[in-house]
Amino acid sequence: MADKLLKIAIDGPAGAGKSTVAKLVALRLNYLYIDTGAMYRAITYLAIQYGYNSLDYENNIAELAEAATISLENRENRLHVFVNEQDVTDVIRSPEISALVPVISQIASVRNTLVVKQRELAVNGGVVMDGRDIGTRVLPNAEVKIFLTASVEERAKRRCLELQQKGFKVDLNELKVEISERDNIDSERKIDPLIAAKDAVMLDTSYMTIQEVVDKILELCKERL
Ligand code: CDP
């Protein structure tokens, strides 16, 4: 009998390594990788285009999200993010968007719209989805739930390197502040806050290599097959 197609949820704060690890796990299992943070970032990008840069425009942003077409496509081994057919893969990583995305993602109707899209993408299983509320809200029945953490210091260092490689000019201390602020807003928001699901496996990756984290997750997947 063919292996069953699992749903794998990976949640955690900014810079804990979710996307790196999720991509590698998806590659190993030949599963689809779904970056839900990229979807919130794409809506934030659209909001900025329209000048909707605060919660004062909550209803307008909700309408934009409802009408938006977001797609994630693998091209030449890289996940490309499209919103209304525009490739926004690189631009959604900008500091401006990182600062505004936790604000936009507090809007209940934006979340509802995106959660529906995310569940549709996962309907057949065979997915690795990363975000903040995957194990608690989007896929509460995922067979494998991981909550990745690491110290703020370590996360800021990792993010700094990643952004420098993408050509952004960044300052480590500023990044530390940005990450901590984003963590606070994400953890304290009323709807779908950043929190580990009761049945999630906690992995502190501060002293783990990427390969060790990937192997640990694959081991957990094997137990669920
Ligand atoms: O990659 P990084 O950890 O910086 O963050 P991300 O996964 O790209 O997510 C960016 C932001 O989107 C988060 O800080 C949250 O405010 C929001 N988000 C969310 O609310 N729910 C999700 N499932 C994913 C992201």
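A polar contact here is a pair of N or O atoms within 3.5 Å. Keep that cut-off in mind for what follows, and note that this is a predicted model.

Let's start with the ligand. Its surrounding shell holds 20 residues, and R41, R111, D133, R159 and D186 come nearest. Three of these arginines have a side-chain distance to a ligand oxygen worth listing:

| Residue | Ligand atom | Distance to a side-chain N or O atom |
|---|---|---|
| R41 | oxygen | 2.7 Å |
| R111 | oxygen | 2.7 Å |
| R159 | oxygen | 2.5 Å |

As for cover, the ligand has 530 Å² of accessible area on its own, and the protein covers 97% of that.

So what does the shell look like by residue type? Ten of its residues are charged, with five nonpolar and five polar ones making up the rest. On the secondary-structure side, α2 (36-49), α4 and α8 each put at least two residues into the shell. The largest share comes from α2, with four residues.

Now for the second largest pocket, with about 150 Å³ of space in it. Its lining is made of 13 residues, and P95, V170, E174, L175 and E178 sit nearest the centre. Which helices each supply at least two residues of this lining? They are α4 (95-104) and α8 (172-188). Both helices turn up in the ligand shell as well, each with at least two residues there. By type, the pocket lining splits into six nonpolar, five charged and two polar residues.

Definitions and conventions
Residues are numbered from 1 along each chain as its sequence is written. This is a predicted model: local features need pLDDT of at least 70, side-chain atom pairs count only at pLDDT 80 or more; totals for chains, interfaces and linings use all residues. Side-chain values use heavy atoms; hydrogens and water are left out. On a 1 Å grid over the protein atoms alone, a cavity is a set of points where a 1.4 Å probe fits but cannot get out, and a pocket is an open set with protein on both sides within 12 Å along at least five of seven lines; lining residues have an atom within 4 Å of a point. Grid points are joined across faces, edges and corners, and a volume is the space filled by probe spheres set on the points. Ala, Val, Leu, Ile, Met, Phe, Trp, Tyr, Cys and Pro count as nonpolar, Asp, Glu, Lys and Arg as charged, and the others, Gly among them, as polar. A residue is near a molecule or strand if one of its heavy atoms lies within 4 Å of it. A polar contact is a pair of N or O atoms within 3.5 Å; within protein, one must be able to donate a hydrogen and the other to accept it, and residues adjacent in sequence count only if both atoms are side-chain atoms. Accessible areas come from the Shrake-Rupley method with a 1.4 Å probe; for residues, only the protein chains shown count as cover.
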